[in-house]
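User: I would like to learn how to read the cores and pockets of a protein model, taking each idea in general before the particular case.

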Amino acid sequence: MVPEILHNPACSKSRGAMQILADRGIDAEVTEYLKAPPTRAELERIVDVIDAAPAELVRKDKRFKELGLTASDYETRDQVVALLVEHPELMERPVVIVGDRGVIARPPEKLLELL
């Protein structure tokens, strides 16, 4: 199976995950999710396959605070998906999916669980 990676080249963790794949000679299907944001259906699939609570897919960073959001409002699957449809820049990265399993690869070595 070809790994899928939702990638942000500006993110060191995302670049690290890409390097791990390259070092192992693994070709992945790469989506720069800020250029091609995932659809609602794609986000629902991501939330369903990652090995983490839906809320972990949301970055609670400066942008999150600028938008006046609170973490307690984005905990459920539906809340997280709705938020990321509107603000894909808040998605934690990188996300790596192989088949029906996925991880938020922070640290990047976490993707090794899928390989």
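Analyst: What follows deals with the nonpolar cores, the largest pocket and the cis peptide bonds. This is a predicted model, in which local features need pLDDT of at least 70 and side-chain atom pairs count only at pLDDT 80 or more, while totals for chains, interfaces and linings use all residues. Residues are numbered from 1 along each chain as its sequence is written, and side-chain values use heavy atoms, with hydrogens and water left out.

User: Which residues touch the most other members of the largest nonpolar core?

Analyst: A nonpolar core is a set of buried (under 20% relative accessible area, 1.4 Å probe, protein chains only) Ala, Val, Leu, Ile, Met, Phe, Trp, Tyr and Cys residues joined through side-chain atoms within 4.5 Å. Here the largest has 22 residues, and Ile-46, Leu-57 and Val-95 touch the most other members. Apart from this core lies another, of 10 residues, including Ile-5 and Leu-111.

User: What lines the largest pocket, by class?

Analyst: Rolling a probe the size of a water molecule over the atoms shows where empty space is left. On a 1 Å grid over the protein atoms alone, a pocket is an open set of points where a 1.4 Å probe fits, with protein on both sides within 12 Å along at least five of seven lines, and lining residues have an atom within 4 Å of a point. In this model the lining has 7 nonpolar, 1 polar and 4 charged residues, among them Glu-4, Arg-45 and Ile-46, and the volume is about 170 Å³.

User: Where are the cis peptide bonds?

Analyst: One runs from Arg-93 to Pro-94, with omega near -5 degrees, and another joins Arg-106 and Pro-107, with omega about 0 degrees.

Key
Buried < 20%, exposed > 50% of the residue type's maximum accessible area, 1.4 Å probe, protein only. Points joined across faces, edges and corners; volume = space filled by probe spheres on them. Nonpolar A, V, L, I, M, F, W, Y, C, P; charged D, E, K, R; others polar.
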